[in-house]
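Biologist: I would like to learn how to read this model, starting with the chain as a whole and then moving to single residues. Where should we begin?

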Amino acid sequence: NEGACRSEWDAVAFNDVSGASLDPSSVQAARREEMQYVRSQNVWDPVEHSLAKQHGWEIIGTKWIDINKGDAARPNYRSRLVAQEFNNSIGRDPYAENFSATPPLEALRALLSTAAITSEGAAPLVVAVADVKRAYFAAEIQRDVCVRIQAEYWDAGAQPGDMVGKLCKCLYGTRDASKGWQAKVHAVMGELGYTIG
């Protein structure tokens, strides 16, 4: 009985990083929050599984990553839905498909040194860091790929039959997520007048 199995599994939850036990109701709340964000960003369009097969779209699995970014006294539960596409990379060049440039450590050192050392009488330089939550959802996916939709996406009792999600945006765990995010950042920075050096 699927309902009985679900209630048994919901009674136990573990941190995917530390292995520590988590409060199942807090995990479910974090998953609902993630699904609200997925809906608000139109990350995928639900389509019939048979339609995806008919068009030859790849269908990949998904899984939850649940963690407590706080501590026992001040818990901060985060749940992220990730695609399981990296298991399907046989016969592909993962480096070519997944590579996205990151600044070298020397660039960071130079930036911080410049900010720390200022001329006498000069205004101090400020280094600002931006942390974009759910960054990959901002980038449009560039190919036809579908994911299995987790039960938390549907309202209680409303899950249609055999549906998958045809991705509109990149999802953590897809091969091209980091490249898609990098392309989005380059486009926005270009619109703001910055050039790649």
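Modeller: Begin with contacts along the chain. Of the contacts in the protein chain with a separation of 6 or more, 69% are between residues 24 or more positions apart. Keep in mind that this is a predicted model.

Biologist: How many helices and strands does the protein chain have, and what pattern do they follow along the sequence?

Modeller: There are six helices and eight strands in the protein chain. In sequence order they give the pattern α-β-β-α-β-α-β-β-β-α-α-β-β-α.

Biologist: What share of the residues is buried, and what area does the protein chain expose?

Modeller: Of the 197 residues, 32% are buried. The exposed area is about 12800 Å², and 54% of that comes from carbon and sulfur atoms.

Biologist: Next, the sheet. What should I look for in strand pairing?

Modeller: Strands of a sheet pair through backbone hydrogen bonds, and the pairing is either parallel or antiparallel. Here an open sheet of four strands runs in the order S3-S8-S7-S4, and its pairing is mixed. Strands S3 (44–48) and S4 (58–60) are at the edges with a single partner strand each, so one side of each has no neighbour in the sheet. From one strand to the next, the twist averages 35 degrees.

Biologist: In which sense do S7 and S8 pair, and in which sense do S4 and S7 pair?

Modeller: Strand S7 (residues 145–148) and strand S8 (residues 163–167) are antiparallel, with three bridges. S4 and S7 are parallel, also over three bridges. To follow the register, take Val 147 in S7: Ile 60 stands opposite this residue, and Gly 165 is its bridge partner in S8. Cys 146 has Lys 166 as its bridge partner in S8.

Biologist: And the side chains along such a strand?

Modeller: In a regular strand the side chains alternate between the two faces of the sheet. With that in mind, turn to the nonpolar cores.

Biologist: Which residues touch the most other members of the largest nonpolar core?

Modeller: Trp 44 and Leu 167 do, in a core of 22 residues. Helix H2 (24–40), strand S6 (77–83), S7 and S8 each contribute at least two residues to this core. There is also a second, separate core of six residues, with Trp 57, Ile 59, Cys 146 and Val 164 among them. As for Leu 167, its contacts beyond four places in sequence are Val 43, Trp 44, Ile 141, Val 145, Cys 146, Val 147 and Thr 174.

Biologist: Now polar residues. Is Asp 66 buried or exposed?

Modeller: The test is a relative accessible area under 20%. Asp 66 has 5%, so this residue counts as buried. Asp 66 is placed in strand S5. To see what its side chain does, look for polar partners: there is a polar contact with the side chain of Arg 31 at 2.6 Å, and another with the side chain of Ser 79, at 2.6 Å. Beyond four places in sequence, the residues in contact with Asp 66 include Phe 14, Leu 22, Val 27 and Arg 78.

Biologist: Where does Thr 62 lie, and what does its side chain reach?

Modeller: Thr 62 lies in strand S5 (residues 62–68). With a relative accessible area of 10%, Thr 62 is buried. Its side chain reaches the backbone oxygen of Arg 148 at 2.9 Å, and a polar contact of 3.0 Å links it to the side chain of Gln 150. Among the other residues that Thr 62 touches are Leu 81, Val 82, Val 147 and Leu 171.

Biologist: Loops can be read in the same way, I suppose. Where does Asp 176 lie, and is Asp 176 buried or exposed?

Modeller: Asp 176 lies in the loop between S8 and helix H6 (177–191). Its relative accessibility is 14%, so Asp 176 counts as buried. The side chain of Asp 176 makes a polar contact of 2.8 Å with the side chain of Arg 143.

Biologist: What separates the C-alpha atoms of Asp 176 and Ala 139?

Modeller: The separation is 9.9 Å, for two residues that are 37 residues apart along the chain.

Terms used. Residues numbered from 1 in each chain as written. Predicted model: local features only at pLDDT ≥ 70, side-chain atom pairs only at ≥ 80, totals over all residues. Heavy atoms only, no water. Pairing = 2+ DSSP bridges. Axes fitted to C-alpha atoms, helices over the stretch in contact; angles between N-to-C directions. Buried < 20%, exposed > 50% of the residue type's maximum accessible area, 1.4 Å probe, protein only. Contact = heavy atoms within 4.5 Å. Areas by Shrake-Rupley, 256 points an atom, 1.4 Å probe, with all protein chains shown as cover. Polar contact = N/O pair within 3.5 Å; in protein donor to acceptor, adjacent residues only side chain to side chain. Core = buried A, V, L, I, M, F, W, Y, C linked by side-chain atoms within 4.5 Å.
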